[in-house]
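Visitor: Could you take me on a close look at one part of this model? I'd like to hear how it sits against the rest.

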Amino acid sequence: MTFYWIDLGLIVAFSAVVLGCLYGMRRNGKWSHSIVVHAIYLLSVTGLLLTVNTVIDQLLVHYKVTLIQPDFIDDLTYVAIGLAVIEEMFHLINRLTYAQVQKGSDRTSATSVARVLKMAIVLSLVLLFGEHLGLSLSGLLAFGGFGGIAIGIAGKDVLSNVFSG
């Protein structure tokens, strides 16, 4: 029974840190641009989600609930952590894109690079968490290889025109 109190204390502590970071990022301009505050926020959200996952697993075992499987709760936790990481990384990329445009860089090229980075982040997270969610990694990599070959063959004339121009 003492584990429940420890878990409750962790949930309250992580929630306080998350709410403090959110309040600071919304109210004060310099906190909203601090990478350290965003990293603390992301780690706190991750800790909160993992602690809630542990509590739910313990409650499912304690009350002998068979309707909800612990693997399903684990998968939901992985998805929530992945979405939190994607949100923070997208926020960072948007800030960097805005800073580049303010310095005088071309807006189109800055947004193009930002979109490529965002797609790379989503793809890497799908590859990282895909095995936990039941996706076949070898099938995805094979599809990516054949897709890359097809795009390379289809785009060779366009690339030759770009480099010759």
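**A close look at helix α3**

Guide: Let's start with what helix α3 hides: its buried residues are V37, H38, Y41, S44, V45, G47, L48, T51, N53, V55, D57 and L60. Keep in mind that this is a predicted model.

As for overall dimensions, α3 runs over 28 residues, and its first and last C-alpha atoms are 40 Å apart, close to the 40 Å expected at 1.5 Å a residue.

Now go back to that buried list. Three of its names, V37, Y41 and V45, turn up again in the largest nonpolar core, where they are joined by V18, C21, M25 and A84 to make 7 residues in all. Two helices, α1 (2–27) and α3 (35–62), each give at least two residues to this core. There is a second, separate core too, with 6 residues, among them I86, A114, I121 and F129. Grouping of this kind fits a broad trend: in soluble globular proteins, nonpolar side chains tend to be buried together. The numbering within α3 is worth a thought as well, because an α-helix has 3.6 residues a turn, so residues three or four places apart point the same way.

Zoom in on V37 for a moment. Setting aside residues up to four places away in sequence, V37 touches C21, M25 and W31.

Further along α3 you come to N53. N53 counts as buried because its relative accessibility is 10%, under the 20% cut-off. Leaving out residues up to four places away in sequence, N53 touches I73, D74 and T77. Follow the last of those across: T77 belongs to helix α4 (residues 70–103). T77 has a relative accessible area of just 7%, so it is buried as well. Seen from the T77 side, and again skipping neighbours within four places in sequence, the contacts are L49, L50 and N53.

Not everything in α3 is tucked away. L59, also in this helix, has a relative accessible area of 34%, so it falls between the 20% and 50% limits and is partly exposed. L59 is part of a nonpolar patch on the surface, together with Y63, V65, L67, I68, F72 and L76, and the patch has about 720 Å² of accessible area in total.

One last stop, just past the end of the helix: K64, right after α3, takes a positive phi of about 55 degrees.

So, back to your request: α3 puts V37, Y41 and V45 into the largest nonpolar core, has N53 touching T77, and places L59 in a nonpolar surface patch.

Conventions. Residues are numbered from 1 along each chain as its sequence is written. This is a predicted model: local features need pLDDT of at least 70, side-chain atom pairs count only at pLDDT 80 or more; totals for chains, interfaces and linings use all residues. Side-chain values use heavy atoms; hydrogens and water are left out. A nonpolar core is a set of buried Ala, Val, Leu, Ile, Met, Phe, Trp, Tyr and Cys residues joined through side-chain atoms within 4.5 Å. Buried means under 20% relative accessible area, exposed over 50%, partly exposed in between (1.4 Å probe, protein chains only). Helices (H or I, at least four residues) and strands (E, at least two) are DSSP runs, numbered from the N terminus. Contact means heavy atoms within 4.5 Å. Patches are made of residues with over 30% relative accessible area and no salt bridge: like charges are joined within 9 Å, nonpolar side chains (Val, Leu, Ile, Met, Phe, Trp, Tyr) within 5 Å. Accessible areas come from the Shrake-Rupley method with a 1.4 Å probe; for residues, only the protein chains shown count as cover. A salt bridge is a side-chain nitrogen of Lys or Arg within 4 Å of a carboxyl oxygen of Asp or Glu. The expected span of a helix is 1.5 Å times one less than its number of residues.
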